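Subject: A structure for you to look at

Hi there,

Here is the structure I promised to pass on. Please open it alongside this note, and I will walk you through what turned up.

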Amino acid sequence: MNLDLTAVLPVLIPLTLSLAGFITGLSRISDKTRQMMLKWISAAIMISAIVITAGHIEKTDKPQALLAMNNVNLLVLLLVCFMAIVLIKFSQRYLFAEKNTHRYWRWLFLSLTSVSVVIVSNHLLLFWLGWVSISLCFHRLLLFYPDRPRAVLAAHKKFILARVAEIFLLSAIVLLYSQLGTFYLAEMTNHYMSAGIPVELSLAEKCAAIMLALTALIKCAQLPVHGWLIQVVEAPTPISALLHAGIINLGGFLLLSFAPLIAFSSDAQWLILIIAGLSTLVSALVMMTRISVKVKLAWSTCAQMGLMLIECALGLHELALLHLISHSLYKAYMFLSAGDVLQEYSLKQLAPQKNVTFISAMSSLLLVVISTYGIVYFTSYSGPLSVWLLVNTALALYLVSAVRNGTILQFLTSCLTVALLVGFYMGGKTILTWVMPPLPASTMFDAMDIWLSALFVALFLLAVQVRVFPQAKATRTLYRWLFSGLYLDELMTRLTLFLWPITLRPETAIKQNDPSLTKEPTS
């Protein structure tokens, strides 16, 4: 009975979501009936999530099961269920006056179905089919407003990049099968976990690891293939929330799934650290130049995905999973409450602001360093130097913003927030250490730590320069380049349209060659 239950449980969520897509996608049912169905669907998703969690308490190890459930998969699947319920509730109100909403519901639920299939798949061919299905279904969501040229161009670029990533992923799967003779992910994981350390990978395994890294980098919209992520804000808000809070995190989930292989491939680690590190640096700085709230959030997602990939490459798997969950919840909240965020941002801009000096910036950094060092000293916690540098510089920039925008009381409140964030980081990492299965530590080199440390220090210094010396000639030049995104997306757009031209509708075709098509409006 237990064996049958374990085999059936992973099917519940994909089956529920696929049936929801079929029912709500019918055009002949009335809006009132569809609204009633959506309430029952939300309840069905919640009940399925509870049943799966309860049945997972006593799990069995079946390396050759088509679908499998472990602690990591369960957490991510529960996150998908929560996101599905939130999106259903929000979309019911958001799309109330829209036409053809049945198409939206159909492709939304099919996208979520594909995501859930990827999460619970143990067979890599099924994993790949689910991966492809996510892109194809989400492509239909991106074209919900087919008369918006920026949305059409973003969908076009994402469609091409998705096909490239799928080729890389399929090639990696075939190479691993040629070496290990199995398509089951659990058997591959057991192979690398049971091998001695260090593991000497074959050429095929090294190439597979690199292709997995490239797949994750493309999926997470790292520079220079990031442009579609910025332009996709033209889609309806719940679609943007689904992308930024869910689908784009699959790059990190992919690296977590193949963590035993990535941990033994220094080439794949260096590839991730270089590209994701530079993407984090540039995206975080570009975000400071943006006015639009949704575009600022899109650049923030690019930077956060870079950090998550870096954590995976360093072997900080608990931290990467914590980052994935917290980022999903945060971005869902920010996108779905973009109107309130915009109002709050406008009020802050109208309030009197203090000048940030170099001394206040350095004092904030010193305060954060002392605080985090004290926590590390009393808890005997250790980790790579670059990780603590990132924590210190990020929190210091947060305090700099508090100095600029607030009173002394608000600054003290910000200091308390910093302490709580550090505590959340350490507590969450400790809890996930108990939840996650043991994974091999990364073969991290000192050079990797030095590279990341240099990037994080550069990020802090450049951010301070932009805020402290905004009128300096060097800052204005830097600001101009950052506002343009280093012109990387313009080059990728021209290359995309050269390789595969796109035809827009007659009323919007005139905008195809508009230089402002890939830039944020300045007004």
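First, a term you will need below: a crossing is left-handed if the near helix is turned anticlockwise from the far one by less than a right angle, and right-handed if clockwise. Helices (H or I, at least four residues) and strands (E, at least two) are DSSP runs, numbered from the N terminus.

Two notes on the source. This is a predicted model, in which local features need pLDDT of at least 70 and side-chain atom pairs count only at pLDDT 80 or more, while totals for chains, interfaces and linings use all residues. Residues are numbered from 1 along each chain as its sequence is written, and side-chain values use heavy atoms, with hydrogens and water left out.

The chain as a whole

You will find 23 helices and zero strands in the chain. Of its 523 residues, 52% are buried (under 20% relative accessible area, with exposed being over 50% and partly exposed in between; 1.4 Å probe, protein chains only). Contacts, meaning heavy atoms within 4.5 Å, often link distant parts of the sequence: among those with a separation of 6 or more, 81% are between residues 24 or more positions apart.

Helices 9, 14 and 15

A good place to begin is helix 9 (residues 203-219), which packs against helix 14 (residues 266-287) at an angle of about 20°, the axes being 8 Å apart. Axes here are lines fitted to C-alpha atoms, for helices over the stretch in contact, and angles run from 0 to 180 degrees between N-to-C directions. Angles under 35 degrees count as roughly parallel, over 145 as roughly antiparallel, 65 to 115 as roughly perpendicular and the rest as oblique. Helix 9 and helix 14 are therefore roughly parallel to each other, and their crossing is right-handed. On the helix 9 side the contact is made by Lys-206, Ala-209, Ile-210, Ala-213, Leu-214 and Leu-217, which meet Asp-267, Ala-268, Leu-271, Ile-272, Ile-275 and Ala-276 in helix 14. By class, the residues of this contact are 10 nonpolar, no polar and two charged. (Ala, Val, Leu, Ile, Met, Phe, Trp, Tyr, Cys and Pro count as nonpolar, Asp, Glu, Lys and Arg as charged, and the others, Gly among them, as polar.)

Helix 14 also packs against helix 15, at an angle of about 155° and with axes 8 Å apart. That pair is therefore roughly antiparallel, and the crossing is left-handed. Among the residues in the contact are Ile-272 and Ala-276 of helix 14 and Trp-299 and Gly-306 of helix 15. The contact of helix 14 with helix 15 has 13 nonpolar, six polar and one charged residues.

How does the length of helix 15 compare with what it should span? Its 21 residues (293-313) should cover 30 Å at 1.5 Å a residue, and the end C-alpha atoms are 30 Å apart, which agrees; the expected span is 1.5 Å times one less than the number of residues. Since 19 of those 21 residues are buried, helix 15 is largely enclosed by the rest of the structure. After helix 15 comes Gly-315, with a positive phi near 85°.

Helices 7 and 8

The axes of helix 7 (residues 149-180) and helix 8 (residues 185-194) come within 12 Å and cross at roughly 60°. These two are therefore oblique to each other, in a left-handed crossing. Leu-176, Tyr-177 and Leu-180 of helix 7 meet Met-188, His-191 and Tyr-192 of helix 8.

Individual residues worth a click

- Ile-218, in helix 9, counts as buried at 14% relative accessibility. Leaving aside neighbours within four places in sequence, Ile-218 is in contact with Leu-161, Val-164, Ala-165, Phe-168 and Val-225.
- Ala-221, in the loop between helix 9 and helix 10, has a positive phi near 55° without being a glycine, and is buried at a relative accessible area of 0%.
- Pro-224 is in that loop between helix 9 and helix 10 (227-231) too, and a cis peptide bond with omega of about 5° joins Leu-223 to Pro-224.
- Tyr-487, in the loop between helix 22 (473-483) and helix 23 (488-499), has a positive phi of about 60° although it is not a glycine. At 34% relative accessibility, Tyr-487 counts as partly exposed.

Happy browsing, and best wishes
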